[in-house]
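Please open the model in a viewer and keep the sequence beside it. The tour proceeds by selection.

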Number of protein chains: 6
Amino acid sequence: MNSKVAVYRKEHFNAAHRLHNPIWSEEKNNEIFGKCNNRNFHGHNYELVVKLVGEPDPETGYVIDLKLLSDIVQEEVIDRFDHKNLNLDVPQFRQLNPTAENIAITIYNLLRARLDPIHDLQVRLYETERNFVEYPV
Amino acid sequence: MNSKVAVYRKEHFNAAHRLHNPIWSEEKNNEIFGKCNNRNFHGHNYELVVKLVGEPDPETGYVIDLKLLSDIVQEEVIDRFDHKNLNLDVPQFRQLNPTAENIAITIYNLLRARLDPIHDLQVRLYETERNFVEYPV
Amino acid sequence: MNSKVAVYRKEHFNAAHRLHNPIWSEEKNNEIFGKCNNRNFHGHNYELVVKLVGEPDPETGYVIDLKLLSDIVQEEVIDRFDHKNLNLDVPQFRQLNPTAENIAITIYNLLRARLDPIHDLQVRLYETERNFVEYPV
Amino acid sequence: MNSKVAVYRKEHFNAAHRLHNPIWSEEKNNEIFGKCNNRNFHGHNYELVVKLVGEPDPETGYVIDLKLLSDIVQEEVIDRFDHKNLNLDVPQFRQLNPTAENIAITIYNLLRARLDPIHDLQVRLYETERNFVEYPV
Amino acid sequence: MNSKVAVYRKEHFNAAHRLHNPIWSEEKNNEIFGKCNNRNFHGHNYELVVKLVGEPDPETGYVIDLKLLSDIVQEEVIDRFDHKNLNLDVPQFRQLNPTAENIAITIYNLLRARLDPIHDLQVRLYETERNFVEYPV
Amino acid sequence: MNSKVAVYRKEHFNAAHRLHNPIWSEEKNNEIFGKCNNRNFHGHNYELVVKLVGEPDPETGYVIDLKLLSDIVQEEVIDRFDHKNLNLDVPQFRQLNPTAENIAITIYNLLRARLDPIHDLQVRLYETERNFVEYPV
């Protein structure tokens, strides 16, 4: 057994979105996405849990300073997504349907680019208390 | 001491909204409501707790059948607000700023009209886990 | 304003029950109580919150030692109700339908008899996270 | 790294049960299962979290429509277990002790038969907030 | 019925403390406060819920801007108590035993001095998930 | 697929601690650990989730009796850490900085020595609701 530890930091943001595939008809969008397709949007309190895996530094006892991880999440995710309309305000979702799956993959990519490759990364995103996703597996 | 009991039912809905006062300038709206004023909306998972006070029926042991209360909340609140844009889709907020305070008062009025006057009513509305309101006091 | 403080202690118990009025027909019981009338019982993790109001003792800074309150709840409620069938194992519900309302009133009476009359008492009982009751009002 | 995402759906049901091994004496059942062996049953609010792993569909952005997953859980699990006595009302537990471990394995098997083999499946079952199980590992 | 609404803001702080009455012997302190009397301190994640009651402003729809309330709680409570030893670092508890009751009264007094007298104020303080207090009643 | 099941037990303890590296200057400790370095300590309600993996016993349907697991956690962890100052009262942290990572590894080692090697073990430790760690990975 190695000495790796997983550390987790939970953050949240509030955003509006709608699910929509522009190459489909209105009828098909409505059939597939139901009330999530509402043209005027709806919204969620998203809860984000970021998991980082690595060996604790022997001098600090930290895998990473969670304050630093929180600052990176703030800059890369919260500043971009919080109190925003994901479809209209966030460039990443101009062409990409903002399902929980796609939001989680997008957040992973934003954070992965800022974190030391020595650390494994996983994100869990709660759209509601009862619907949530995790990436990568 | 009387024999009244309070019964509570928790429901939820997901909606988009923005805070905005149409008689103010854009600058003043931005100054007062900050990121909640985003013109493209943001959203929340609203948690609603409905409190009803009355004497338990001696035959059933119920103040009210909570299934019935849940059905009334479904018809009056969830069907109107869930997966909607409060500002654009809900007539009650055409002229009324959808702050948590105003949403709670609106929900109270919708439910009050459907419930037996013998029962006292109070609503608590969570906009986030950390911001919530209660009406009446 | 007086100097009274409310103190709360949360406890839990797991029990089986069914809702049933013996003077009604099987049909009427089924119509009124639905699946809660299942003759073989169902069950819940009940969460109990006990509220006591009084002035803090100047020497201890306590309204009551919550360890002592917890011990009284253990003796009067948990030892009687936990891992029991409320209808069959608990004398109080031989003739009384174990709705959340009636369970809360019963718990109140059991605790009231053990606590100093100088302290006001209220109990809140969660049958599920979404259905709960409070007594007295 | 592949592009698989895990999606989760949380549901709940309320049921009565008792732990009991019919080939043991009453004394041994009591010694091993303690108050969980109460012949008149006790009960729980079971929380069930279903995890499905797969690649998001490029057209919908969904691994699976969680509404569809919820409907399958409703048919296979909730309709069978909710407001039931697991020992008496559910055929799967006529011969099988309804521990959390065995309930989770049973739920897994019921759901596995209904879901596309392309998706990995795991279930987590909370018997209480403090005792829970997961299958498979 | 008036048009008053209660608004709530939840904050938290982490602190060390011990319960101790300096005019008592070590034995009596130990007898009364048990393990909470540990001379080297123990600690808690305190959750604080601040309740403010008033009429919503017709122009904003707010009883108070919760961001402003949060800032006041930050200055008066969090900056003083968070990551502190209540007994050693906080002047208010030099002579006052930091029970949950006394911490809540102290927080009330700090906030009351900063808030408009037109608003009623109440604080709820969770020492643990199972032990909490409220002031005033 | 094997027939292994993971079982989880959640416990908690309240403790004081400070983060500090004795070979560093006061300035460096302050720079790295910030307010967590407060010389008078601060504290937390730690939530501990212990995960054990194994095959259910065919006679009991248990991987392990969770009451037994709870008793072991009580003896090895709660009795040592609850209402203690981790730095001053717990020998394991005389030389080891009590970060969440190091506390989790320490708890793992204490429990591993008491449990049957046939069972895999993992611990998750919540320092706050938003900061938590897991070991091993």
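Two stops follow: an interface between two chains, then a strand and its partners.

This is a predicted model, in which local features need pLDDT of at least 70 and side-chain atom pairs count only at pLDDT 80 or more, while totals for chains, interfaces and linings use all residues. Residues are numbered from 1 along each chain as its sequence is written, chains are lettered from A and ligands numbered from 1 in the order in which they are written, and side-chain values use heavy atoms, with hydrogens and water left out.

**The interface of chains D and C**

Select chains D and C: 20 residues of chain D are in contact (heavy atoms within 4.5 Å) with 20 residues of chain C. Together they bury about 1700 Å² (accessible area, 1.4 Å probe, lost on being put together, summed over both), with 47% of it on carbon and sulfur atoms. On the chain D side, D:Asn40, D:Asn45 and D:His83 lose the most area to chain C, together 33% of what that side buries.

Next, display D:Asp82 and C:Lys35, which form a salt bridge (a side-chain nitrogen of Lys or Arg within 4 Å of a carboxyl oxygen of Asp or Glu); their closest N and O atoms are 2.8 Å apart.

**Strand β1 of chain F**

Now select residues 5–17 of chain F, strand β1 (strands are DSSP runs of E, at least two residues, numbered from the N terminus). Twelve of its 13 residues are buried (under 20% relative accessible area, 1.4 Å probe, protein chains only), so β1(F) is largely enclosed by the rest of the structure.

Add residues 42–54 of chain F: this strand, β2(F), runs antiparallel to β1(F), joined by 13 bridges. There, F:Val5 has F:Gly54 as its bridge partner.

Technical notes: Buried area = accessible area lost by both parts, 1.4 Å probe. Buried < 20%, exposed > 50% of the residue type's maximum accessible area, 1.4 Å probe, protein only. Helix = DSSP H or I, 4+ residues; strand = E, 2+ residues; numbered from the N terminus. Pairing = 2+ DSSP bridges.
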